[in-house]
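User: Please take a close look at one helix-to-helix contact in this model and describe it in a connected account. I would also like to know how far the model's confidence supports the description.

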Amino acid sequence: MVSWEEEWAQLKADALARQQQPAQMQLNQLPADGSGVPAARSGGPGDGFSLNAESIDGSSHLLIEIAGVLYEGRMDGENATMGRVPRSHPDVAAGVEAFARHARDQYTDAVVLLAALSSKLKSANNAYAEYDDEARKKLDAVLVCGQYVAPQGR
């Protein structure tokens with residue numbers, strides 16, 4: 001069995017080794033078809049990226065739900081009151097108060113972070129929908145205003 005100090009030293013060494021490697025970026029993409037070009041979700045050739053608006057909306061709602069669960073699980077006043085003087089030793093009371101402050105700060109940071117991430121997901125989804133709508137309008141304009149000319153008539 002490995003001691004905590006040995007495990008911590010190994011984790012730090014691994015992190016340092018990763019930091020010294022050149023930065024790499026990996027993009028998720030759909031599997032390539034026989035030509036080596038990533039295929040779009042529709043089955044045709046594409047740039048390898050796809051988006052599911054319902055999934056993004058669901059993820060943003062899930063983040064808000066997690067923030068709500070955190071809110072419900074926060075330390076209540078009764079726990080903090082039971083740890084105060086004269087009900088407990090002054091050192092214990094000081095520790096409980098310090099822990100309660102730290103927990104409240106961590107809780108607030110987590111809730112704010114989750115709410116911000118949710119907002120970013122919603123705005124990204126809205127931006128995508130607007131861009132997609134503009135692209136659809138341009139393609140519709142080509143179909144409506146365009147005129148077919150047979151090859152022999154060119």
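Analyst: The following account treats the packing of helices α2 and α4, then one residue within it, and finally the confidence of the model.

The model is predicted. Helix α2 covers residues 53–72 and helix α4 covers residues 90–145. Their axes lie 9 Å apart, and the two helices pack at an angle of about 165 degrees. Because angles over 145 degrees count as roughly antiparallel, α2 is roughly antiparallel to α4. The crossing in which α2 passes α4 is left-handed.

On the α2 side, the contact is formed by A53, I56, D57, S59, S60, H61, L63, I64, I66, A67, L70 and Y71. The α4 side contributes Y107, A110, V111, L114, A115, L117, S118, L121, K122 and N125. By character, the residues of this contact comprise 15 nonpolar, five polar and two charged.

N125, a residue of helix α4, merits separate attention. Its relative accessible area is 5%, so N125 is buried. Apart from neighbours within four places in sequence, N125 is in contact with A53, I56 and D57, and these three residues belong to the α2 side of the contact.

As to confidence, the protein chain has an average pLDDT of 77, and 77% of the residues score at least 70. Within the chain, confidence is highest in α4, at 86, and lowest in helix α3 (residues 77–82), at a mean of 71. Over residues 35–45, pLDDT stays under 50. For that stretch the model has 19 contacts beyond four places in sequence.

Key:
Residues numbered from 1 in each chain as written. Predicted model: local features only at pLDDT ≥ 70, side-chain atom pairs only at ≥ 80, totals over all residues. Heavy atoms only, no water. Axes fitted to C-alpha atoms, helices over the stretch in contact; angles between N-to-C directions. Helix = DSSP H or I, 4+ residues; strand = E, 2+ residues; numbered from the N terminus. Parallel < 35°, antiparallel > 145°, perpendicular 65-115°, else oblique. Left-handed = near helix turned anticlockwise from the far one by under 90°. Contact = heavy atoms within 4.5 Å. Nonpolar A, V, L, I, M, F, W, Y, C, P; charged D, E, K, R; others polar. pLDDT = per-residue confidence, 0-100. Buried < 20%, exposed > 50% of the residue type's maximum accessible area, 1.4 Å probe, protein only.
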